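Here are a few notes for you to read with the model open beside them. They are meant as a friendly walk through the spaces inside the fold and then the sheet.

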Amino acid sequence: MCRILGYFGNQNLSKDVIERATQNQIFGGPDQQSYIFGDGWGLGNNRLAIQGLDGGKQPFSLRKTYAVYNGEIYNHKELKKHLATKGYSISDDCDGSVILPMYELYGDTFVEHLDGMFIIAIVDESKEQKLLLCSDNCSMKSVYYYLDEKTDTLFFASELSALFEFPILKNIRQNAINEYLIGRSIWHNNTFFEKIYCVGPNTLLKKTKQGLLEKQTYQSKLVVNFTSMNLVDTGDFLRELLEKEVHQMLQADVPICLVTSGGLDSSLLTALASKYNNRLECFNIAYEGNWPSDERHFAKEVADYCGIKYNQVLIKESEFPSILDQTIKHLGQPNSAPHSLSTYALFKAVHEAGFKVAMTGEGADEFFGGYDRFRKATFDVDHNWLKKYFDVMCATTLEIRNSVYSNSYTNFLKKQSSILENASKKINRSAITKNSRLKALLEFDQSERFTSYILRRVDHLSMAHAVEVRIPFCQPKISSLYKALPDNYLLDKTNVKKVIYQAARSLLPESIINRPKQPFTLPITAMLNEKHILFQIMHDTLTSQSFINRGFFDHTVIQKLMSRQIKEPNNQVADILWSVMILEMWLKKSDNSFKL
């Protein structure tokens with residue numbers, strides 16, 4: 001697990017530039033920093049040593065090919081055996097040591113054989129000079145890139161703060177304000193900045209010295225062969241798949257722990273992991289005091305039931321200002337998920353307890369239909385069902401969102417294409433093609449929202465503390481299963497992610513199986529109250545002169561919403577106020593002069 005960076009094209013940068021960029025992401029890879037340079041290119045690496053601690057030095061090299069990489073290749077032992085039959089001898093225990101032999105053997109399609117999470121950068125000087133950036137099936141690891149068209153040079157880095165050390169432009173897009181308030185983050189592979197993109201899921205990005213920048217997608221060969229069976233047998237099938245994934249993810253040369261929220265998904269992973277290691281520890285985050293949606297007693301029950309050590313992390317209200325500041329800094333872009341604060345504090349505690357690896361339950365809801373909005377939209381007979389779906393998924397409703405914009409920004413948006421209109425067309429087309437509204441919604445969520453809103457957040461806030469997160473539900477075999485399942489194995493008019501509940505029945509107590517589903521989040525509706533510190537931060541931020549001067553929002557409407565939140569706390573009002581506050585706090589850090 002590492003942070004990576006580099007450049008490729010017609011520019012030669014000094015070592016000082018690479019070193020500064022590397023220092024800007026050293027928190028994610030403090031164990032070793034290394035570089036390699038060629039004519040018009042350079043690669044850098046910040047290592048977080050997880051596998052093969054004595055080896056694994058990057059950049060890797062093999063016969064005029066060079067690579068740096070971030071992630072874990074879980075099937076590296078199998079691949080080494082396969083490579084041995086092809087004449088390769090690999091003595092290094094590091095999982096990344098298979099990358100260049102596999103690339104030499106299979107070319108660009110080598111990535112189809114990798115089981116894991118990764119972002120890989122390969123410079124190939126053996127035939128044509130090219131750079132290849134490869135991502136896993138979900139884009140669990142972050143890399144941002146920028147193409148300087150004047151010098152025809154591509155720059156990339158795991159962290160935006162590192163990317164900005166390269167000679168690139170840092171221009172915030174005005175459109176991004178609206179996109180953010182719609183999506184809670186910037187969807188798909190876009191960012192807040194002009195010409196800066198993320199490498200998305202299943203992607204091969206190629207750059208040659210001849211000016212060609214080509215983006216392709218690939219399909220992993222690691223998919224399940226599912227044949228029709230009843231729900232009970234399908235639950236058993238999923239549980240066996242998950243158990244294999246969890247077992248291989250428990251392999252590491254450093255301590256590994258679990259994040260157990262008390263919800264179904266993380267509880268199932270906790271139960272599966274405890275079968276292989278009874279010395280495991282799990283961590284749960286909660287807030288000092290009595291707050292809505294507190295799950296700590298469920299998490300403790302799961303830990304006791306599975307016989308593993310339980311660690312309770314409590315955030316004090318006095319800690320919120322510093323946590324909020326650090327969370328915004330490490331995310332690099334605005335993300336309005338309130339529990340980003342919880343995620344940052346949780347992995348800080350994991351690191352301080354001596355762990356470098358944690359296993360989490362992200363992805364189950366996105367692949368197996370776990371959100372109630374999927375259920376409601378699937379069976380909604382109203383012609384306006386997509387608007388209602390987006391009103392739940394977005395930071396707030398269309399009406400509230402439009403009401404907070406200034407007249408000038410509203411007029412600006414009228415001249416831009418509507419991302420919600422485009423999204424609606426995409427979902428409707430997909431629903432017709434698949435003959436399934438549910439599958440269209442799931443596919444859209446995975447391609448547009450999941451990576452940017454959830455996985456970027458988990459990656460940046462865990463690596464802020466040098467903690468690698470392993471995510472079983474995002475593995476290719478698991479994520480491929482949902483496509484083969486009939487819709488009624490995922491949800492019906494009453495229940496969501498039915499097959500996961502079925503898989504968990506033999507492993508967890510009924511109190512966990514039958515408990516109401518609730519989100520893992522910071523209870524901001526209750527916390528944005530005059531008595532609490534977060535309200536004061538919000539009030540000071542949204543009445544500041546810098547916020548008013550930007551010109552994007554109608555500050556009179558914002559003040560009315562704050563007054564409304566005091567008198568009648570409301571989820572949708574709290575969401576929009578929180579989202580705008582996060583945006584303004586980020587802008588102050590990123591570009592305090594940015595305005596309409």
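1. The largest cavity in this predicted model has a volume of about 140 Å³. Its lining counts 15 residues, and those closest to the centre are Tyr144, Ser185, Gln333, Ser452 and Arg456. If you would like to see the wider setting, the structure holds seven cavities of 30 Å³ or more.

2. Which helix gives the largest share of the lining of the largest cavity? That is α17, residues 437-463, with five residues. Sorted by class, the lining of this cavity has eight polar, five nonpolar and two charged residues.

3. Do have a look at the second largest pocket as well, where about 650 Å³ of space lies. It is lined by 26 residues, with Asn137, Pro201, Asn202, Gln219 and Lys483 the closest to its centre. Helix α17 turns up again here, giving the most to the lining with six residues. At least two residues each are supplied by β12, α17 and α18 (476-484). The lining of the second largest pocket divides into 14 polar, seven nonpolar and five charged residues.

4. Now to the sheet. Six strands make up an open sheet with antiparallel pairing, and their order is β4-β5-β6-β7-β11-β12. Why is one side of β4 and of β12 left without a neighbour in the sheet? Strands β4 (60-62) and β12 (213-217) stand at the edges and have a single partner strand each, so one side of each stays unpaired within the sheet. From one strand to the next, the twist averages 15°. Strand β12, then, is an edge strand that also supplies residues to the lining of the second largest pocket.

5. Within the sheet, β6 (residues 116-124) and β7 (residues 130-135) run antiparallel and are joined by six bridges. In this pair, isoleucine 122 stands opposite leucine 132 of β7. Packed on the sheet is helix α3 (residues 99-106), which touches β4, β5 (65-73), β6 and β7. The direction of α3 makes about 115° with that of β5.

6. Lastly, a word on charged pairs: the structure holds 39 salt bridges. One of them to zoom in on links lysine 206 with aspartate 108, whose closest N and O atoms are 2.6 Å apart. Lysine 206 belongs to strand β11 (residues 203-208) and aspartate 108 to the loop between α3 and β6, so this salt bridge ties together parts that are 98 residues apart in sequence.

Terms used: Residues numbered from 1 in each chain as written. Predicted model: local features only at pLDDT ≥ 70, side-chain atom pairs only at ≥ 80, totals over all residues. Heavy atoms only, no water. Pairing = 2+ DSSP bridges. Helix = DSSP H or I, 4+ residues; strand = E, 2+ residues; numbered from the N terminus. Axes fitted to C-alpha atoms, helices over the stretch in contact; angles between N-to-C directions. Contact = heavy atoms within 4.5 Å. 1 Å grid on protein atoms, 1.4 Å probe; cavity = no way out; pocket = protein on both sides within 12 Å on 5 of 7 lines; lining within 4 Å. Points joined across faces, edges and corners; volume = space filled by probe spheres on them. Nonpolar A, V, L, I, M, F, W, Y, C, P; charged D, E, K, R; others polar. Salt bridge = Lys/Arg side-chain N within 4 Å of Asp/Glu carboxyl O.
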